[in-house]
Amino acid sequence: MSSSYTLEIESAVPAPRLFKAAILDWHNLAPKIASDKIVSAAPVEGDGNVGSIRQFNFAPGLPFSFVKERLDFLDVEKCEAKSSLVEGGGIGVHIESASTHIKVEPKAGGSVVKVTGTSKPLPGVDVAGESEKAKAAFTGLIKGCEAYLVANPDAYN
């Protein structure tokens, strides 16, 4: 049985700028602004288009040491992307699969990030509370990115 969550995060940053920083270039920006959680990140396969894979390596003490995500869908003009977890992050231990669909939409004075996360737990694994943890983590990362962009008005224009 799959479980899913939805989340909306309002931001003072325009949609294209936030999408570039938080989605397209997150492997470069994350270690700079969230180094207490993401110690390094890099593309491991592809050129950033659909099918590309990025690896994020996490700080000691977090629930897992790394994740690899594959970009399954990308529409830069509509600020929309979908990715799937392909390795790490509990794959094969707690969950069979996980995916995230993100759309950053314009809103007066900024944007709104709309997220749908879906995961399929392994049989017999209790994942109660995991959606709330995922929502909190994702909100923290988007807000961290927003703070960086507000403080650096020339970045990602």
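This is a short walk through one structure, starting with a helix pair and ending with two prolines. Keep in mind that the model is predicted.

Let's start with the helices. Helix H1 covers residues 15-24, and helix H2 covers residues 26-33. How are the two packed? Their axes are 6 Å apart, at an angle of about 80°. That makes H1 roughly perpendicular to H2, since 65 to 115 degrees counts as roughly perpendicular. On the H1 side, the contact uses Ala21, Ala22, Ile23 and Leu24. On the H2 side, Trp26, His27 and Leu29 take part. By type, the residues of this contact are 6 nonpolar and 1 polar, with no charged ones.

Now stay with H1. Is this helix enclosed or open? Of its 10 residues, 7 are buried, so H1 is largely enclosed by the rest of the structure. The buried ones are Ala15, Arg17, Leu18, Phe19, Ala21, Ala22 and Ile23. Note that Arg17 is on that list.

Next, the core. The largest nonpolar core has 33 residues. Which of them touch the most other members? Those are Leu18, Val104, Val113, Phe138 and Cys145. H1 gives the most to this core, with 6 residues.

Take Val104 from that group. I leave aside its neighbours within four places in sequence. Val104 then contacts three residues that we met in H1, namely Ala15, Leu18 and Phe19. Val104 also contacts Lys78 and Cys79. Ser111, Val112 and Val113 complete its list.

That brings up the cysteines. How many disulfides does the structure hold? The count is 0. Cys79 is in no disulfide, and its nearest cysteine sulfur, in Cys145, is 12 Å away. Why is there no bond for Cys145? A disulfide needs the sulfur atoms within 2.5 Å. The sulfur of Cys145 is 12 Å from the closest cysteine sulfur, that of Cys79, so the gap is too far for a bond. Both cysteines are under the 20% limit, so both count as buried. Cys79 has a relative accessible area of 5%. For Cys145 the value is 0%.

One place along from Cys79 is Glu80, in strand S5, residues 80-88. Buried or exposed? Glu80 has a relative accessible area of 14%, so it counts as buried. What does Glu80 touch, not counting residues up to four places away in sequence? Phe19 of H1 is one of its contacts. Phe73, Leu74 and Asp75 are also among them. So are His101, Ile102 and Lys103.

Last, two prolines. Pro63 sits in the loop between strand S3 (53-58) and strand S4 (66-75). Its relative accessible area is 75%, which means Pro63 is exposed. Pro63 and Glu132 are 69 residues apart along the chain, and their C-alpha atoms are separated by 15 Å.

Pro43 is in strand S2, residues 38-45. Where does Pro43 fall on the accessibility scale? At 49%, it counts as partly exposed, because exposed starts over 50%. Leaving aside sequence neighbours within four places, Pro43 contacts His27, Ile53 and Arg54. His27 is also in the contact of H1 with H2. Pro43 and Glu69 are 26 residues apart along the chain, with 9.6 Å between their C-alpha atoms.

Definitions and conventions
Residues numbered from 1 in each chain as written. Predicted model: local features only at pLDDT ≥ 70, side-chain atom pairs only at ≥ 80, totals over all residues. Heavy atoms only, no water. Axes fitted to C-alpha atoms, helices over the stretch in contact; angles between N-to-C directions. Helix = DSSP H or I, 4+ residues; strand = E, 2+ residues; numbered from the N terminus. Parallel < 35°, antiparallel > 145°, perpendicular 65-115°, else oblique. Contact = heavy atoms within 4.5 Å. Nonpolar A, V, L, I, M, F, W, Y, C, P; charged D, E, K, R; others polar. Buried < 20%, exposed > 50% of the residue type's maximum accessible area, 1.4 Å probe, protein only. Core = buried A, V, L, I, M, F, W, Y, C linked by side-chain atoms within 4.5 Å.
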